[in-house]
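This report describes the strand arrangement, the helices that pack on it and the surroundings of the ligand. The sequence and the coordinates are best kept in view while reading.

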Amino acid sequence: MVELETKRLIIRPVSLTDKEAVFEYRSDQEINKYQSWIPQNIQDVENFIKRTSRQLNVPETWFQFVLIDKDIDQIIGDIGIHFLDEENRQVEIGCTLNKHFHNRGYATEAVERVMDFLFFDLKKHRVITSIDPQNNSSIRLVECLGFRKEAHFMESLYLNGKWVDDLVYAILKREWEQRRLSKHARE
Ligand SMILES: CC(C)(COP(=O)(O)OP(=O)(O)OC[C@H]1O[C@@H](n2cnc3c(N)ncnc32)[C@H](O)[C@@H]1OP(=O)(O)O)[C@@H](O)C(=O)NCCC(=O)NCCS
């Protein structure tokens with residue numbers, strides 16, 4: 001089992017026993033208003049966990065990590081990874097935090113660790129993310145991490161009963177490496 005660690009977090013694959021903790025923050029309609037999936041009950045979360053791949057790095061599947069705060073030993077969010085193409089060198093990433101843990105740098109810390117894993121361990125070439133143009137905290141997060149805005153699709157997604165725009169942000173391995181080098185030089 002892949003387990004990643006940061007200063008404050010353990011990042012490990014989701015399991016069925018996490019369903020209550022995941023339901024607690026994923027069911028928040030306000031926080032998750034820009035997401036395509038909001039569970040109505042624990043069974044929805046159980047189905048969601050069962051639908052995600054048990055195995056990491058399988059083309060055309062989603063893999064789900066949960067983020068555990070080491071101090072309190074509690075799940076505070078998750079990161080989903082979509083292994084996109086047949087070549088298996090490109091992935092899509094998404095992050096959701098429990099609202100009680102917003103604005104404390106947890107998402108930055110977790111996504112940064114997962115991106116290192118994707119580029120350096122799994123040898124990915126490109127990571128993308130898809131964001132609603134009104135989702136400002138998500139835009140700030142990915143711009144801080146060095147993603148570039150590559151596209152603004154007009155009304156390209158039908159979500160929660162209406163057509164919405166979609167921003168696509170991306171970063172290449174060489175850009176991530178460059179960013180890591182300049183960060184280390186500053187430290
Ligand atoms: C997207 C989401 C994960 C971002 O969470 P977040 O709390 O804004 O991100 P972080 O945990 O990295 O916190 C960053 C903020 O904390 C501040 N911060 C405090 N301590 C920090 C630290 N040690 N390190 C970095 N930032 C820190 C930063 O200044 C930053 O604030 P700013 O955005 O005003 O500049 C969160 O808003 C969310 O769960 N949204 C709902 C789900 C969703 O829509 N996801 C996107 C679709 S996949």
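Which residue takes a positive phi in the hairpin of strand 4 and strand 5? In this predicted model, that residue is asparagine 88, with phi near 60°, and the hairpin has six residues between its strands. The hairpin of strand 3 and strand 4 has four residues between the strands, and there aspartate 73 takes a positive phi near 55°.

**The sheet**

Both hairpins belong to an open sheet of eight strands, whose order is 1-2-3-4-5-6-8-7 and whose pairing is mixed. Strand 1 (4-5) and strand 7 stand at the edges and have a single partner strand each, so one side of each is left without a neighbour in the sheet. Strands of a sheet pair through backbone hydrogen bonds, in either the parallel or the antiparallel sense. Three antiparallel pairs are set out below, each with one pair of bridge partners or facing residues.

| Strand pair | Bridges | Residues opposite each other |
|---|---|---|
| Strand 3 (61-69) and strand 4 | nine | glutamine 64 and glycine 80 |
| Strand 4 and strand 5 | seven | aspartate 78 and threonine 96 |
| Strand 6 (126-131) and strand 8 (162-172) | six | isoleucine 131 and leucine 167 |

Helix 1 (residues 19-26) packs on the sheet, where it touches strand 4 and strand 5, and its direction makes about 85° with that of strand 4. Helix 3 also packs on the sheet, touching strand 1, strand 2 (9-13), strand 3, strand 4, strand 5 and strand 6, while its direction makes about 160° with that of strand 5. Strand 4, which spans residues 74-83, is mostly covered, with seven of its ten residues buried.

**Glutamate 155 in the edge strand**

Glutamate 155 lies in strand 7 (residues 148-159), and it counts as exposed because it has 10 C-beta neighbours inside 10 Å. Apart from neighbours within four places in sequence, glutamate 155 is in contact with Trp163, Val164 and Asp165. Leucine 145 is ten residues from glutamate 155 in sequence, and the two C-alpha atoms are 26 Å apart in space.

**The ligand shell**

The ligand is surrounded by 20 residues, of which Gly94, Gly105, Ala107, Thr108 and Ser137 come nearest. By class, this shell has seven nonpolar, eleven polar and two charged residues. Strand 5 (90-97), helix 3 (106-121) and helix 4 (136-144) each supply at least two residues of the shell. Two of these elements also appear in the account of the sheet above, since helix 3 touches strand 5 among other strands.

Notes: Residues are numbered from 1 along each chain as its sequence is written. This is a predicted model: local features need pLDDT of at least 70, side-chain atom pairs count only at pLDDT 80 or more; totals for chains, interfaces and linings use all residues. A residue is near a molecule or strand if its C-beta atom, placed from the backbone, lies within 6 Å of it. Ala, Val, Leu, Ile, Met, Phe, Trp, Tyr, Cys and Pro count as nonpolar, Asp, Glu, Lys and Arg as charged, and the others, Gly among them, as polar. A residue is buried if 20 or more other C-beta atoms lie within 10 Å of its own, exposed if 12 or fewer, and partly exposed in between; C-beta atoms are placed from the backbone. Two strands pair if DSSP finds at least two bridges between them. Two residues are in contact if their C-beta atoms, placed from the backbone, lie within 7 Å. Axes are lines fitted to C-alpha atoms, for helices over the stretch in contact, and angles run from 0 to 180 degrees between N-to-C directions.
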